[in-house]
Structure formats: structure tokens, C-alpha cells
Amino acid sequence: AAPAPLAGKHALVTAGPTHEPIDPVRYIANRSSGRQGFAIAGALARLGAKVTLVTGPVSLDTPRGVTRIDVQTAREMEAAVNEALPADVAILVAAVADWRAESSPRKIKKGETGGPPELQLVENPDILAGLGGSDRRPGLLIGFAAETDKVVGHARAKLDRKGCDWIVANDVSGDVMGGTENSIHLITAAGVESWDQMPKSEVARKLAERIAETLA
Ligand code: C5P
């Protein structure tokens, strides 16, 4: 049989949301089921890659052949990503919370502050931008962009700002969030490809194939 196209390659994938604690019982998060990232990790493993999947809290089974690292916060995700380097390709699909709160070690009681508590928000590290500027940057660095408007324009700007090679832009103005289908535009230095709406598993398979062609 022909050798697997991604044999000997290490792929790093992030997926899911991050949870940023406010106190022991509350957190800030983005909406993310983790499905698209998990599907990509599985598709890369099927093409023979060694896959490390760093995921926030999700309720999904680990795809066959994938090494999974569970984290809660953006800072934990960043540490796990750096720990997993070097990688030939990194695909950052996680919906990382942009801010974290100065979290309280004890539960904030309703009424104790004489009204709603004020949350002091602090910016989280941008894991993708960090990799883009790192001397350990994977040879192929891919980001995701969930947009509701000016999808391609915003995604193109993100490509430059974050120093990555491709942006997979998904239009989340419809019912993509938590759903099983996705509608994406692949943005590279060469231009924009708009793919038909298709199952997330199919997006994953096509992306994995494209990654294999690029790394070959
Ligand atoms: O800036 P925005 O959150 O829209 O960028 C999305 C891309 O950046 C995704 O690939 C996401 O995984 C990545 N990202 C990250 N760390 C952050 C924010 C976003 O890696 N703190």
C-alpha cells in the first residue's frame, strides 16, 4: 500500500472553548462545541499524522489515534500548545476567551457587593499570534475566524495580523454554532476559495487533504 500522506508529521490542533473562572462556580466562555476541531484532528490522524489535540471543556469522544490534552483556561491552553511543539502544522480551531476575570477564590455571594459585582477583565494571550511570531513557528500555521459579517475581509486582516499561512473563515451568521454543517472560505496568500456548505466531517477531510498536499 502507498505510505500514509502525513506519516512522520506532527499536527497540533486546538479545539473547544476555554473557561475563565470568575469564582469557583462561575466562568466566562465563548460558544463552541469543539466538533470542527475534533473532526480535523481525526482526519489528520487518518492520513497518518501524529496528532496532539489540546482542547477546552467539551463533551466529545477523542478521535481514534489522537493524543488529547484537556485544559480549562486560555493560559493553560497556551502552555499545553508550547509544550507540544515542535509541530509541522498547527491548526488553531479553539474559541479562546479574549478576556479572563481576576477570579475570586471564594464564591461571590449575591448582594454582598450591594449590586452586581464589577468584573475586572484582563486580556488573554493570543495563542495563534504568539505562534505566528515564534521562532518555533510550525511550517504551516492555520487559524480559524468565526465571523458574522464581512467574512472574507475580516479574515484576510486576521491572516496578516496573526502571522499565519491560512485562515479558515466560517460564516456563523446562520446555524453553524453547535451544528453539524459548516460553510467556510479558505483564505491563503494565493486568494480565497469559497466551499459549499458541507458536514464538518467533510470540511475536516478536505482540509486534511489540502494540508497533506502542502506538506508533501
Ligand atoms: O481574533 P479571533 O479570536 O477572531 O481569532 C481567531 C483565531 O485565533 C482562531 O484560530 C483562534 O483559535 C485563535 N485565537 C487564539 N488565541 C486567542 C484568540 C484567538 O489562538 N486568545
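**Salt bridges in a predicted model**

**View 1. Lys158 and its partner Glu147.** In this predicted model, Lys158 has a relative accessibility of 16% and counts as buried, and Glu147 is likewise buried, with a relative accessible area of 10%. The two residues form a salt bridge in which the closest N and O atoms are 2.9 Å apart. This pair links distant parts of the chain, since Glu147 belongs to strand β9 and Lys158 to helix α4, with their positions eleven residues apart in sequence.

**View 2. Asp165 and Arg137, a salt bridge between two loops.** The closest N and O atoms of Asp165 and Arg137 lie 3.1 Å apart in a salt bridge. Asp165 sits in the loop between α4 (151-162) and β10 (166-171), while Arg137 sits in the loop between α3 (127-132) and β9 (140-147), so the pair ties together parts that are 28 residues apart in sequence. Asp165 counts as partly exposed at 26% relative accessibility, and Arg137 counts as partly exposed at 27%.

**View 3. Arg26 and Asp23, a partly exposed residue paired with a buried one.** The side chains of Arg26 and Asp23 meet in a salt bridge with an N to O distance of 2.4 Å. Arg26 is partly exposed at 33% relative accessibility, whereas Asp23 is buried, its relative accessible area being 2%.

**View 4. The network of Glu202, Arg205 and Glu209.** Salt bridges link Glu202, Arg205 and Glu209 in a network. The count for the protein comes to nine salt bridges, and the mean positions of its 25 positive and 27 negative charges are 3 Å apart.

Key. Residues are numbered from 1 along each chain as its sequence is written. This is a predicted model: local features need pLDDT of at least 70, side-chain atom pairs count only at pLDDT 80 or more; totals for chains, interfaces and linings use all residues. Side-chain values use heavy atoms; hydrogens and water are left out. Lys and Arg count as positive and Asp and Glu as negative; His and the chain ends are not counted. The place of a charge is taken as NZ of Lys, CZ of Arg, CG of Asp or CD of Glu. A salt bridge is a side-chain nitrogen of Lys or Arg within 4 Å of a carboxyl oxygen of Asp or Glu. Buried means under 20% relative accessible area, exposed over 50%, partly exposed in between (1.4 Å probe, protein chains only). Helices (H or I, at least four residues) and strands (E, at least two) are DSSP runs, numbered from the N terminus.
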